[in-house]
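I opened the notebook on a structure that was new to me. My plan was to look up charged pairs, helix packing and the nonpolar core, in that order.

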Amino acid sequence: ISIVEAAIALEVGMMAIDYSIQSCEADADKYCLDVEPGEGRIVSCLKKNEAKLDAQCTAALKETGLWDLGAK
């Protein structure tokens, strides 16, 4: 993998994370405010509250692959 390819992959990954954060910010504040960020804890918390999440949040996490990264 070239440096350019790695940079593009990183940029796409960061955009996916930004998109998910924007889509889930209200839900995270509502259900996961006391969860320490990092190591998939917030995604894991959001997954536990899936039935209450905004559909856009769930869709963003699944589209970007972050849904599968949350702790099982």
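I looked first at Glu 50, which forms a salt bridge with Lys 62, the closest N and O atoms being 3.5 Å apart; a salt bridge here is a side-chain nitrogen of Lys or Arg within 4 Å of a carboxyl oxygen of Asp or Glu. The pair links distant parts of the chain, with Glu 50 in the loop between H2 and H3 and Lys 62 in helix H3, twelve residues apart; helices are DSSP runs of H or I with at least four residues, numbered from the N terminus.

I noted that this is a predicted model, where local features need pLDDT of at least 70 and side-chain atom pairs count only at pLDDT 80 or more, while totals for chains, interfaces and linings use all residues. Residues are numbered from 1 along each chain as its sequence is written, and side-chain values use heavy atoms, with hydrogens and water left out.

I then searched the whole structure and found three salt bridges. Arg 41 meets Glu 36 at 3.7 Å, N to O, and Glu 39 at 3.5 Å, N to O, and the shared partners join Glu 36, Glu 39 and Arg 41 into one network.

Next I turned to helix packing. The axes of H1 (residues 3-31) and H2 (residues 41-48) come within 10 Å and cross at roughly 85 degrees, the axes being lines fitted to C-alpha atoms over the stretch in contact, with angles running from 0 to 180 degrees between N-to-C directions.

Notes. Helix = DSSP H or I, 4+ residues; strand = E, 2+ residues; numbered from the N terminus.
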